[in-house]
Amino acid sequence: MTSPIIIALDYSSREEVMAFLNQFNQPLFVKVGMELFYKEGPAFIKEIKELGHKIFLDLKLHDIPNTVKQAMKNLAKLDVDLVNVHAAGGSKMMKAALEGLVEGTPEGKQRPLLIAVTQLTSTSNEQVVEEQGISSLTTSISLYAKLTEESGLDGVVCSPLDVEIVREAAKGEGFVTVTPGIRLAENSADDQVRITTPAKARELGSNYIVVGRSITKSENPVQTYEKIVSQWEGVTV
Ligand SMILES: O=c1ccn([C@@H]2O[C@H](COP(=O)(O)O)[C@@H](O)[C@H]2O)c(=O)[nH]1
């Protein structure tokens with residue numbers, strides 16, 4: 001996987017996505033989530049792929065092990081680069097997801113990387129304590145990161161602010177951190193809680209940042225994308 005900046009294509013239709021992508025003269029690393037996938041389906045994944053873009057298919061599977069395994073077998077055929085589950089589904093579910101992915105990947109193709117969401121970046125410490133009955137967000141992230149690594153997955157989704165906790169819990173070299181919750185200094189947080197800037201995310205050790213509205217809702221998405229790339233690379237803009 002090349003670009004460390006993953007653009008979240010949180011649009012409802014093919015037309016909106018094409019209008020967005022047509023502004024860029026380069027292959028991108030994009031994220032397709034539930035909103036777009038449930039509307040446009042696998043055919044559109046193929047189309048985006050044929051345009052040369054890398055794809056993180058962010059469907060966050062969370063179900064009984066057999067259901068997740070069978071679903072992963074199907075997702076493996078879409079030739080995407082990255083897929084995910086919720087770590088809260090447990091080690092049996094995560095191992096089943098990996099099995100499904102391995103079994104479903106066509107011969108001669110590389111299987112997509114499989115990562116697990118620790119705690120959503122929209123979740124606060126108070127929420128974890130009050131609604132999930134866990135002692136702290138940190139405890140939960142640490143436990144899920146360890147469980148994810150022990151289950152054989154390739155990495156986690158977490159906030160950049162959690163990367164240090166993840167690295168302490170999952171020490172394997174090459175264990176990746178994919179981090180949403182990215183905002184430029186001038187952006188509002190929206191529904192996100194654990195946020196930081198692209199530069200800080202890199203400093204904290206994120207491998208990939210996921211950026212949605214800061215780019216897609218900006219007046220000039222290409223310029224904003226370039227600004228984020230520059231900030232990630234340590235160039236002040
Ligand atoms: O913990 C998580 C997991 C996934 N996401 C997804 O990332 C993008 C973020 O979009 P922004 O507009 O930059 O907030 C979005 O597609 C989420 O579904 C996340 O934010 N947090």
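These are my notebook entries on a predicted model of a protein with a ligand.

**Entry 1: the whole protein**

I began with the overall build. I listed ten helices and eight strands in the protein. The radius of gyration is 17 Å, and the globule rule gives 18 Å for 237 residues, so the protein is as compact as a globular protein of that length. I then looked up the box that the C-alpha atoms fill. Along the principal axes it is roughly 45 × 40 × 30 Å.

How much of the protein is buried? I found that buried residues make up 40% of the 237 residues. I also checked contacts between residues at least 6 apart in sequence. Of these, 66% join residues at least 24 apart.

**Entry 2: around the ligand**

Next I went to the ligand. Which residues come nearest to it? Of the 17 residues around the ligand, I noted Ala8, Thr121, Pro180, Gly212 and Arg213 as the nearest. I sorted the shell by residue type. Eight of its residues are nonpolar, six are polar and three are charged. Two elements each supply at least two residues of this shell: strand E8 (208-211) and helix H9 (213-216).

**Entry 3: helix H10**

I moved on to helix H10, residues 221-232. Its end C-alpha atoms are 16 Å apart. That agrees with the expected span, because twelve residues at 1.5 Å a residue should span 16 Å.

Which residues of H10 are buried? I wrote down Tyr225, Ile228, Gln231 and Trp232. They cover an arc of only 125 degrees around the axis, so they sit on the same side of H10. The general rule helps here: an α-helix has 3.6 residues a turn, so residues three or four places apart point the same way.

I then asked what the buried residues of H10 pack against. The partners are strand E1 (5-8), helix H8 (198-203), E8 and H9. E8 and H9 had already come up as suppliers of the ligand shell. After H10 comes Gly234, and its phi is positive, near 85 degrees.

**Entry 4: helix H6**

I repeated the length check on H6. Its 14 residues should span 20 Å at 1.5 Å a residue, and the end C-alpha atoms are 20 Å apart, which agrees. I listed the buried residues of H6: Leu137, Ser140, Ile141, Tyr144, Ala145, Leu147, Thr148 and Glu149. They pack against H4, E5, helix H5 (125-132), strand E6 (155-157) and helix H7 (163-169).

I picked out Leu143, which also lies in H6 (residues 137-150). Is Leu143 buried or partly exposed? Leu143 has 14 C-beta neighbours inside 10 Å, so it counts as partly exposed. A residue needs 20 or more to be buried. I also looked up the distance from Leu143 to Ala87. They are 56 residues apart in sequence, and their C-alpha atoms are 9.4 Å apart in space. Just after H6, Gly152 takes a positive phi of about 90 degrees.

**Entry 5: helix H3**

In helix H3 (residues 65-75), I found Val68, Lys69, Ala71, Met72 and Leu75 buried. Their cover includes strand E3 (54-61), strand E4 (82-86) and helix H4 (91-104).

**Entry 6: the loop between H4 and E5**

I looked up two residues in this loop. Gly108 lies between H4 and strand E5 (113-117). Gly108 is exposed, with 5 other C-beta atoms within 10 Å. Its C-alpha atom is 35 Å from that of Ala201, 93 residues away along the chain.

Pro106 has its place in the loop between H4 and E5 too. Pro106 is exposed, with 9 other C-beta atoms within 10 Å. How far apart are the C-alpha atoms of Pro106 and Lys77? They are separated by 6.6 Å, with their positions 29 residues apart along the chain.

**Entry 7: positive phi outside glycine**

Most residues other than glycine have a negative phi. I noted two residues that do not follow this. Lys60, in strand E3, has a positive phi near 45 degrees. Lys60 counts as partly exposed, with 17 C-beta neighbours inside 10 Å.

Asp190 has a positive phi of about 55 degrees. Asp190 is in the loop between strand E7 (176-179) and H8. With 12 C-beta neighbours inside 10 Å, Asp190 counts as exposed.

Technical notes:
Residues are numbered from 1 along each chain as its sequence is written. This is a predicted model: local features need pLDDT of at least 70, side-chain atom pairs count only at pLDDT 80 or more; totals for chains, interfaces and linings use all residues. A residue is near a molecule or strand if its C-beta atom, placed from the backbone, lies within 6 Å of it. Helices (H or I, at least four residues) and strands (E, at least two) are DSSP runs, numbered from the N terminus. Ala, Val, Leu, Ile, Met, Phe, Trp, Tyr, Cys and Pro count as nonpolar, Asp, Glu, Lys and Arg as charged, and the others, Gly among them, as polar. The expected span of a helix is 1.5 Å times one less than its number of residues. The arc is that of the directions from the helix axis to the C-beta atoms. Two residues are in contact if their C-beta atoms, placed from the backbone, lie within 7 Å. The radius of gyration is taken over C-alpha atoms; the globule rule is 2.2 Å times the number of residues to the power 0.38.
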